[in-house]
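Subject: The structure I promised you

Hi,

Here is the structure we talked about, handed over for you to look through. Have it open while you read the rest of this message.

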Amino acid sequence: MATPKPRALRILGDSPELASWAESLPDAFLDCRNFGHAWYSADVRFDSEQRLYLTLLRCRRCTADRTRRTNEFGGIEGNAYSLPDGYLAPSGMGTVDRSAIRHLADMRHIMAPRKGRRADG
Ligand SMILES: [Zn+2]
């Protein structure tokens, strides 16, 4: 019996390359795209020239880096991101609809339960 095609891939059916890329995303990338990154503070330093605190945050799942710049009053001046290779769709391929990502992630969890997934009962 054929496995039904996840709705996410039907949504992306107009772009087979994009659908194929989305389907091949590692679990960590898919989880971060679905739930957002799982940041932890890896380092903080004070840039005396800019008079800004630079907080290096790293994602526990996908290893993305974020540098948050805050002023001396704690106000956020900006963020810079460095994403791991393969996190974003290749240039020119377009973008994946977020509902498609959510559905693809849900289907992957249902089809292949992983450790860490809460057991029923
Ligand atoms: Zn992440």
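Below is what I found in it, starting with the overall layout and ending with the core.

One thing to keep in mind: this is a predicted model. The chain has 121 residues, and 17% of them are buried. You'll find 4 helices and 4 strands, and going from the N terminus their order is α-α-α-β-β-β-β-α. As for contacts between residues at least 6 apart in sequence, 44% join residues at least 24 apart.

**The sheet**

The 4 strands make an open, antiparallel sheet in the order β1-β2-β3-β4. β1 (39-47) and β4 are at the edges with a single partner strand each, so each has one side without a neighbour in the sheet. From one strand to the next, the twist averages 20 degrees.

Going through the pairs:

- β1 and β2 are antiparallel, with 8 bridges. If you want a place to look, V44 has T55 in β2 as its bridge partner.
- β2 (residues 52-59) and β3 (residues 65-70) are also antiparallel, over 6 bridges. T55 turns up here too, standing opposite R68 in β3. These two strands form a hairpin with 5 residues between them, and T63 in the turn has a positive phi of about 70 degrees.
- β3 and β4 (residues 76-82) pair in the antiparallel sense over 6 bridges. Here T70 has I76 in β4 as its bridge partner. This hairpin has 5 residues between its strands as well, and in its turn G74 has a positive phi of about 90 degrees.

A general point that helps when you look at the strands: in a regular strand, side chains alternate between the two faces of the sheet.

**The helices**

Start with α2, which covers residues 16-23; its buried residues include L18, A19 and A22. They span an arc of only 100 degrees around the axis, which places them on the same side of α2. On the face turned away from that buried side sit P16 and S20, both exposed. The background is that an α-helix has 3.6 residues a turn, so residues three or four places apart point the same way.

Next comes α3 (residues 27-35), where F29, L30, D31, C32 and R33 are buried. What covers them? Among other things, β2 and α4 (98-111). Just after α3 you reach G36, which has a positive phi near 95 degrees.

**The core**

Which residues have the most contacts inside the largest nonpolar core? They are A22, L30, I101 and L104, in a core of 15 residues. α2, α3 and α4 each give at least two residues to this core, and α4 gives the largest share, 4 residues. In general, nonpolar side chains in soluble globular proteins tend to be buried together.

L30 is a good residue to click on, since you have now met it as a buried residue of α3 and as one of the core residues with the most contacts. Setting aside neighbours within four places in sequence, L30 is in contact with L25, I101, L104, A105 and R108. I101 and L104 are also on the list of residues with the most contacts inside the core.

That's the tour. Shout if anything is unclear when you have it on screen.

Cheers

Note on methods: Residues are numbered from 1 along each chain as its sequence is written. This is a predicted model: local features need pLDDT of at least 70, side-chain atom pairs count only at pLDDT 80 or more; totals for chains, interfaces and linings use all residues. A residue is buried if 20 or more other C-beta atoms lie within 10 Å of its own, exposed if 12 or fewer, and partly exposed in between; C-beta atoms are placed from the backbone. The arc is that of the directions from the helix axis to the C-beta atoms. Two residues are in contact if their C-beta atoms, placed from the backbone, lie within 7 Å. Two strands pair if DSSP finds at least two bridges between them. Axes are lines fitted to C-alpha atoms, for helices over the stretch in contact, and angles run from 0 to 180 degrees between N-to-C directions. A nonpolar core is a set of buried Ala, Val, Leu, Ile, Met, Phe, Trp, Tyr and Cys residues joined through C-beta atoms within 7 Å.
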